[in-house]
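Please look through the structure shown below, and then follow a set of questions and answers that take a new reader through some of its parts.

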Amino acid sequence: MLHIKIPTRREVIEKAKAEGKKIAAVYPIHYPRELFRAFNIQPIEVWGPPKTDTKKANAHLQSYICSVVQSGLAFYLEGGINVADIIVVPHSCDSLQGLGSIYKDFIKPKQELITIYLPREKNRENVEFLSKELKRIYKQLAEFTHFEPDREKLLEEIKKEEEIDVLVAKFYKSRENLPLSSREFYTILRAREYLPVELFKNILNYALLHSSSGKLKKTGIVISGLLPEPMEILDVIDEMDGFVALDDMACCMRRVYGEGSADDPFERMAERIVNSTPDPTKGSSVDERADFLKSLIDISGAKGVVFYNVKFCEPEYFYHPLLKDKLNESGIKSIVIETDINEPISQQTITRIKAFIEMLKEESRWA
Amino acid sequence: METVKSIGIDAGSTTLKIVGVNEEGKILFTIVEDADPKVEEQTESILNKLKENYDIESSKIVATGYGSNLIKADKKITEITCHAKGIYEHFKSGGTAVDIGGQDNKVILISKGGKVIDFIMNDKCASGTGRFLENTAWRLKIPTEKMAELALNSDGEVKISSTCAVFAESEVISHLSRGEKLEHVIKGLHRAMVKRITSMIYAIGFNPPLMLSGGVAKNKAVVKMLEEELGEKPLIPENPQIMGAFGAALLGLSK
Amino acid sequence: MGLKENIKYLFSYKLIGESLIKLNTKKSYKNFKPPKNWRTDILAPPLKTGVFTKEIITRHYLEGRYVNGVKPVAWVTSGAPIEILKALGFYILYPENHGALCGARKVALEISEEAEKRGYSIDICSYARTDIGSTLSKKTPVGRLPKPDLLLCCTNICQTVLYWYRVLAEYYKVPLIVIDTPFVYDEAREHDIEYVKKQLEASIEVSERVAGKSLSFSKLKEVVRLSKMAAELWLEIMNANKNKPAPISVFDQFIHMAPIVEKRGDSETVDFYSKMLDEINDRIKNGIGAVKNERKRVLWDNLPIWYKLKFLSEFLAENGVSVVASTYTNAWGELAPMMDIERPIESMARTYIYPILNRGTGHKLKTMETMVKEFELDGAILHSDRSCKPYSVGQMDQRIKLLNELGVAALLLEADHSDPRAFADEQVISRLKAFVEMMD
């Protein structure tokens with residue numbers, strides 16, 4: 001247990017406003033944080049938030065749209081995004097595509113609306129397309145803020161984010177040596193969704209000071225999905241003497257980007273996103289995803305994979321059967337847990353996770 | 001007075017099951033009661049009564065089931081592990097264990113050595129569980145026990161397409177109001193339930209034999225239809241309801 | 001291509017199957033009679049040219065049974081740019097159409113359960129479940145589906161196809177071409193079109209490799225020309241419904257659209273639709289309406305509910321309601337003018353980025369508003385299809401706008417295009433009754 005004081009979203013927003021920064025409310029998943037920072041804009045990501053009353057969203061979205069998008073809209077309708085000057089909707093899936101379009105055509109928020117189209121496969125053409133798309137957004141931001149950050153400013157912000165990505169990777173690598181519960185680990189990691197660069201860097205560095213040579217003697221789990229919500233699931237894992245060793249989560253690992261190689265800032269930002277780890281919303285191949293999960297298991301020594309699936313999230317659903325098979329062929333057990341970020345986890349879900357960890361422990365006892 | 005080495009308590013959503021075993025794992029007593037909302041008090045009074053006939057002073061207590069959090073026990077283990085253990089020790093065989101309970105179904109793959117290889121449970125909705133039949137029985141004012149008999153003796157079958165328990169209920173009513181025979185509809189309802197269970201079994205990869213536990217295993221229509229759908233005669237213990245508690249008791253014996 | 005396969009193809013399909021089907025069509029065309037259970041009291045008889053729809057589709061699937069080893073086979077999404085493949089001589093299969101066929105024949109549930117058994121969630125698109133179920137179990141109402149040599153997936157209809165085709169690529173171990181089409185929130189930008197164009201160009205090489213021959217640009221132009229002609233005819237057929245009474249209901253269009261989807265780019269498709277247009281013009285001349293007592297005219301938004309076409313068509317016709325326009329059938333005609341025979345690749349890039357499903361929710365509202373005015377409609381049925389999020393998201397706002405700004409009755413109907421478990425007869429009937437009352 002570490003005593004780290006992480007500022008809340010509200011505190012960050014108030015401080016940013018006081019400093020004359022603009023606020024961007026950003027929906028999942030991929031976007032270049034550095035581009036916004038170069039405009040002196042503080043991105044605050046909207047992953048739900050969980051436990052939102054979504055009744056106001058029910059006037060716009062059918063019940064078969066996932067809880068992340070439902071909450072995201074309900075939060076806006078309840079006034080939760082009023083503080084923002086800009087709303088950013090990346091094109092991550094059909095539901096977010098729809099949300100962006102409903103905002104634009106029907107809800108018409110007072111905020112500046114920015115949509116980002118993200119290309120799919122890793123190749124040169126896609127880097128080129130995305131860098132043009134980012135240039136377009138640059139122009140939109142420049143018009144909106146009456147400010148045009150130059151090449152140096154852009155590169156400076158890119159380098160800062162690249163450094164943070166390296167630091168996050170180090171934080172992951174030290175997981176076993178950190179005296180943190182899974183909930184604490186992810187609370188720190190996910191603070192990146194709204195903290196300014198410097199502050200987040202300090203928190204990570206402080207946490208890393210506490211890494212010791214002693215390793216956690218617990219059953220490691222890899223979690224995969226959109227986001228680790230409801231967080232009670234992490235508690236259940238810890239309660240069973242398990243811990244989350246690594247993840248393949250949209251909000252976390254899937255956005256730890258590699259360093260870019262281009263000198264042109266737009267190309268460099270595009271490279272980082274296009275070359276990210278396998279991601280179902282990009283339509284990565286099943287093999288790429290399976291190999292990635294296997295590598296997470298190898299690196300961390302984890303015993304199994306828990307797929308955390310937000311109900312109605314189609315991109316994730318399609319991969320589960322084949323991923324389960326491929327992991328199984330390599331002797332890796334996995335389980336799919338369906339979640340709704342607005343509902344408490346059911347007793348049955350708790351039982352499933354517990355039984356899964358019992359099974360993994362039994363396995364290693366026999367091994 | 002016989003010494004009880006270990007006691008397994010399965011506090012399910014509808015019934016409370018308690019099993020005591022001796023050192024060799026032989027069952028000394030079994031108790032099945034409707035679950036009381038205050039399951040902790042109910043368990044305590046049962047244990048107190050047991051003291052009259054058994055030596056339970058040094059018994060290990062292992063709790064499982066939804067109510068297990070409320071019960072004082074030496075160990076708490078999930079129903080999955082407990083059912084697998086109970087079924088495996090009862091039949092001395094690996095295979096596919098299916099537990100059809102009041103509010104959820106579990107399908108567990110057990111290895112030759114008795115390990116849990118994989119398992120799945122039904123999703124949130126109650127279709128395919130015991131509750132699904134019970135609700136309809138209640139709605140139609142037919143005793144639950146009679147449902148199986150009606151289904152077994154039916155010469156026809158109506159297709160129920162809704163998987164949702166709520167929709168299925170309105171579908172049942174509309175079939176009846178259209179003049180379909182009651183037993184045909186009830187048979188259709190059993191079929192819908194069994195289909196849900198078989199699809200779970202296939203989802204995990206069926207590995208015979210099929211071993212049933214849980215209260216619904218007593219429903220002859222369900223058993224017969226499972227056999228029809230899978231082409232495999234299910235094995236059923238004499239007392240299918242206690243398999244979880246039995247497994248829990250056995251797990252109390254191991255270190 | 002194997003000799004044995006070729007002989008079997010020639011013998012079973014070309015010599016026997018095709019001739020038998022054609023003979024059969026001739027007979028049924030000559031002695032044309034509506035089916036026995038046809039409600040002639042409320043509906044005009046089916047279109048006589050409809051016997052050719054059946055013929056074209058039957059032949060298509062029959063050819064599919066024998067085509068492996070004879071022609072290269074591609075499985076493609078419904079909005080995919082198939083002109084290049086057509087010009088290379090591919091046999092093209094549309095899993096979505098097969099899914100619709102399974103839905104209409106009421107076997108989609110059984111087949112999709114095969115996928116569910118393997119762990120595919122009930123919350124994924126029912127076409128995808130049917131297709132994966134059919135892949136896993138080989139179950140299909142058409143005898144046998146040919147195995148693909150190539151997969152072509154275009155995201156202009158949804159993102160779902162991207163994950164779905166990844167799964168197919170895994171099962172069949174064949175190359176997958178992805179044509180990614182940026183979503184058009186208002187207008188497509190130059191870099192969007194350039195991006196699609198580059199992907200189309202890159203797809204030529206892969207397709208050529210699989211086909212084992214190189215693309216002839218004159219052939220491509222010819223395919224684009226035929227594709228454009230058929231789409232224009234289809235558009236004309238739909239626009240014929242501006243007449244009162246409307247000569248062909250949308251439920252008929254759902255059936256007769258199969259060739260424009262599946263056999264686009266073939267000359268026989270052009271012939272077929274021009275014949276159909278003649279028959280429709282005859283109907284207009286003689287004042288024949290698809291619904292006998294056409295009191296109210298409405299539009300249909302989103303995919304059909306394949307397993308309930310008859311049920312819905314009859315219920316509405318009984319109440320004098322004719323469904324005369326739909327955003328769905330319109331989608332296969334509205335882009336025809338964008339095709340440019342002289343600049344096939346460039347115009348394909350533009351055409352394939354602009355389907356209604358790849359455009360904003362406001363654009364769809366505008367399309368519906370135009371339909372309400374041009375077709376003089378009294379109401380709109382918006383099928384909220386749980387299997388098709390891109391088509392359905394936005395409908396709740398669109399419905400309110402239609403209601404408040406145009407003053408037409410608008411109903412949101414919850415269902416699914418091919419999974420009957422999402423459809424409850426009683427609820428639908430009571431909703432439709434209320435909808436009809438709203439228009440009175």
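Q: How many bridges join strand E5 (residues 219-225) of chain A to strand E7 (residues 304-310) of chain A?
A: In this predicted model, strand E5 and strand E7 of chain A run parallel to each other. One of the residue pairings between them can be named, since Val222(A) has Val305(A) in E7(A) as its bridge partner. The number of bridges that join E5 to E7 in chain A is 5.

Q: Which strands of the sheet with the order E6-E5-E7-E8 (chain A) stand at the edges?
A: The sheet is an open one of 4 strands with parallel pairing, and its order in chain A is E6-E5-E7-E8. From one strand to the next, the twist averages 25°. An edge strand has a single partner strand, so one side of it is left without a neighbour in the sheet, and in chain A this applies to strand E6 (242-249) and strand E8 (333-339).

Q: At about what angle to E7(A) does helix H12 (residues 314-329) of chain A run?
A: Helix H12 of chain A lies across three strands of chain A, namely E5, E7 and E8. Angles here run from 0 to 180 degrees between N-to-C directions. For helix H12 of chain A against E7(A), the angle is about 170°.

Q: Which helix gives the largest share of the side of domain 1 of chain A that touches domain 2 of chain A?
A: Chain A is divided into domain 1 (9-151) and domain 2 (214-366), and the C-alpha centres of these two domains lie 25 Å apart. Where they meet, 31 residues of domain 1 are in contact with 29 residues of domain 2 of chain A. Helix H2 (33-38), helix H3 (67-77) and helix H5 (124-145) of chain A each supply at least two residues to the domain 1 side. The largest share, 6 residues, comes from H5(A).

Q: How many residues of the side of domain 1 of chain A that touches domain 2 of chain A are charged?
A: The residues on this side of domain 1 of chain A divide into three classes, with 16 nonpolar and 9 polar among them. The number that are charged is 6.

Q: Which helix of chain C gives the most to the side that touches chain A?
A: The contact between these chains takes 37 residues from chain C and 43 residues from chain A. Several helices of chain C each supply at least two residues to its side, including helix H8 (190-211), helix H16 (361-374) and helix H18 (395-406). On that side of chain C, the residues divide into 16 nonpolar, 11 polar and 10 charged. The helix that gives the most, with 8 residues, is H7(C).

Q: Which elements of chain B give two or more residues to the side that touches chain C?
A: Here 9 residues of chain B are in contact with 10 residues of chain C. The residues on the chain B side divide into 3 nonpolar, 6 polar and no charged. The elements that give two or more residues to this side of chain B are helix H5 (165-177) and helix H6 (182-204).

Q: What radius of gyration does chain B have?
A: Chain B has 8 helices and 11 strands, and its C-alpha trace spans about 60 × 40 × 30 Å along its principal axes. Buried residues make up 49% of its 255 residues. With 255 residues, a compact globule would have a radius of gyration near 18 Å, which agrees with the value for chain B, 19 Å.

Notes. Residues are numbered from 1 along each chain as its sequence is written. Chains are lettered from A and ligands numbered from 1 in the order in which they are written. This is a predicted model: local features need pLDDT of at least 70, side-chain atom pairs count only at pLDDT 80 or more; totals for chains, interfaces and linings use all residues. Two residues are in contact if their C-beta atoms, placed from the backbone, lie within 7 Å. Ala, Val, Leu, Ile, Met, Phe, Trp, Tyr, Cys and Pro count as nonpolar, Asp, Glu, Lys and Arg as charged, and the others, Gly among them, as polar. Domain bounds come from an automatic or database domain assignment. The radius of gyration is taken over C-alpha atoms; the globule rule is 2.2 Å times the number of residues to the power 0.38. A residue is buried if 20 or more other C-beta atoms lie within 10 Å of its own, exposed if 12 or fewer, and partly exposed in between; C-beta atoms are placed from the backbone. Two strands pair if DSSP finds at least two bridges between them.
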